[in-house]
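Subject: Structure handover

Hi,

Here is the structure for you to look over. My notes on it follow below.

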There are 2 protein chains.
Amino acid sequence: MGRWEPDARGRLDAAALDLYLEHGFDHVTVAQIAERAGLTERTFFRYYADKREVLFAGAAALQGFLVDAVLAAPAAAEPIAVVGAALETAAAEWFEPVRDHSRRRSLVIAANTALQERELIKLATLSRALAEALRQRGVPDAAATLAAEAGVVVFRFAFERWADGPGQPPLADLIRASMDELAALTASVR
Amino acid sequence: MGRWEPDARGRLDAAALDLYLEHGFDHVTVAQIAERAGLTERTFFRYYADKREVLFAGAAALQGFLVDAVLAAPAAAEPIAVVGAALETAAAEWFEPVRDHSRRRSLVIAANTALQERELIKLATLSRALAEALRQRGVPDAAATLAAEAGVVVFRFAFERWADGPGQPPLADLIRASMDELAALTASVR
């Protein structure tokens, strides 16, 4: 067993993002990340299976958080409101405290096609999980799928703006505003 | 130059889908596809760069069709109505005549993770192209992005149902119904 390193994971995350932004994701090695963090490669592999996982390790936990929030929502709440409230809670508790980290992560992903593809797959998986949680609440299949998909569209849209710079409002506010805008847009077909 | 083969492309498409459904996409070779179609490998490569392209070659043409439809829509039309009308026209002209082919293609893709990922990327590319076409019409950035994303969500949702079996209504009707359902769902947040 290696000795305990204070905030090893945080140091690895910060070092990895620094290096990905400096050199491009494809040109960074685990050895470089560990060295920049002042840790060993062995410590890196105690936290992550590979250098890509640094960017996507939080996805499963976030998905679990959102699914729990959907399942715990008041029984009478409308499907889209349930999804919107879950996303706003995650925004405030999960993302707002790490805005700069999120912004830097977004820049890394935007610069690499394979990472963009991984991000798309992650969001599609999240959408399916949210739809399944809504179905568990008794929401009919079509409404569950469309509400989950709409929620993910709104989240991604709001997130890109939020991560774009420090001048943006809180992510939860952007999610709410984007949901309102989607509602206004689709209202024109009714 | 090889001699002209009547409907070589159609025969290759049908043979490829047959084989992908029988053996799984990963286990089929171009040689097998050509043999099943009664053609040479050389003829295959006159139409497709590889066996995956059989499934995705239509994407660029469809995207061009949809972008043209968005650009040609009446100036006063609402963004979401422009996107919806373009999708309904493509549904009627493009997909309805090849429903069984579409259904079989969907089954092939549903059975293979890498193909599902490619399909996601194709749809994300389509969404960006539709948003860009809306911006060219003068639609503000946020509305353009959200209307395009909502359109793709509705299209994918309707398409999955339509491709699910011969008992389904025409794709254009399913698109319209799905758009209405999305509007009804999002209306609850207003």
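Aromatic pairs come to 18 over all chains. Bear in mind that this is a predicted model. A pair of rings is described by the distance of the centres and the angle of the planes. Take Phe44(A) and Phe45(A): their ring centres are 5.2 Å apart, with 85° between the planes. Planes over 60 degrees apart count as edge-to-face, so this pair is edge-to-face.

How buried or exposed are these two residues? Phe44(A) has a relative accessible area of 0%. The cut-off for buried is under 20%, so Phe44(A) is buried. Phe45(A) comes out at 43%. That value falls between the 20% and 50% limits, so Phe45(A) is partly exposed.

There is also an aromatic cluster in chain A. Its members are Phe95(A), Phe155(A), Phe159(A) and Trp162(A).

Next, charges over rings. Arg161(A) has its charged end over the ring of Phe157(A), at 3.7 Å from the centre. Arg105(A) lies over the face of Phe56(A), and here the distance to the ring centre is 5.1 Å.

Now the two chains. Two copies of a chain are related by a rotation about an axis and a shift along it. Here, chain B superposes on chain A after a rotation of 180°, with 0.0 Å of shift along the axis and an RMSD of 0.0 Å. The copies are therefore related as by a two-fold rotation axis.

Which surface do the copies use to meet? Of the interface residues of chain B, 100% are also interface residues in chain A, so the copies meet through the same surface. Chain B puts 34 residues into the contact, and chain A puts in 34 residues.

The size of an interface is often given as the accessible area lost when the parts come together. Between chain B and chain A, the buried area is about 3,000 Å². Carbon and sulfur atoms give 73% of that area. On the chain B side, Leu146(B), Leu185(B) and Val189(B) lose the most area to chain A. Together they make up 20% of what that side buries.

What about polar links across the interface? There are 6 salt bridges between chain B and chain A. One salt bridge joins Arg161(B) to Asp141(A), with the closest N and O atoms 3.3 Å apart. Between the two chains, 5 residue pairs are in polar contact, counting pairs with both residues at pLDDT 80 or more.

Best wishes

How values were computed:
Residues are numbered from 1 along each chain as its sequence is written. Chains are lettered from A and ligands numbered from 1 in the order in which they are written. This is a predicted model: local features need pLDDT of at least 70, side-chain atom pairs count only at pLDDT 80 or more; totals for chains, interfaces and linings use all residues. Side-chain values use heavy atoms; hydrogens and water are left out. Rings of Phe, Tyr and Trp (its six-membered ring) pair if their centres lie within 6.5 Å; planes under 30 degrees apart count as stacked, over 60 as edge-to-face and the rest as tilted. Buried means under 20% relative accessible area, exposed over 50%, partly exposed in between (1.4 Å probe, protein chains only). A charge sits over a ring if NZ of Lys or CZ of Arg is within 6 Å of the ring centre and within 35 degrees of the ring normal. Copies are superposed by least squares on the C-alpha atoms of residues with pLDDT of at least 70 in both. Contact means heavy atoms within 4.5 Å. Buried area is the accessible area (1.4 Å probe) that two parts lose on being put together, summed over both. A salt bridge is a side-chain nitrogen of Lys or Arg within 4 Å of a carboxyl oxygen of Asp or Glu. A polar contact is a pair of N or O atoms within 3.5 Å; within protein, one must be able to donate a hydrogen and the other to accept it, and residues adjacent in sequence count only if both atoms are side-chain atoms.
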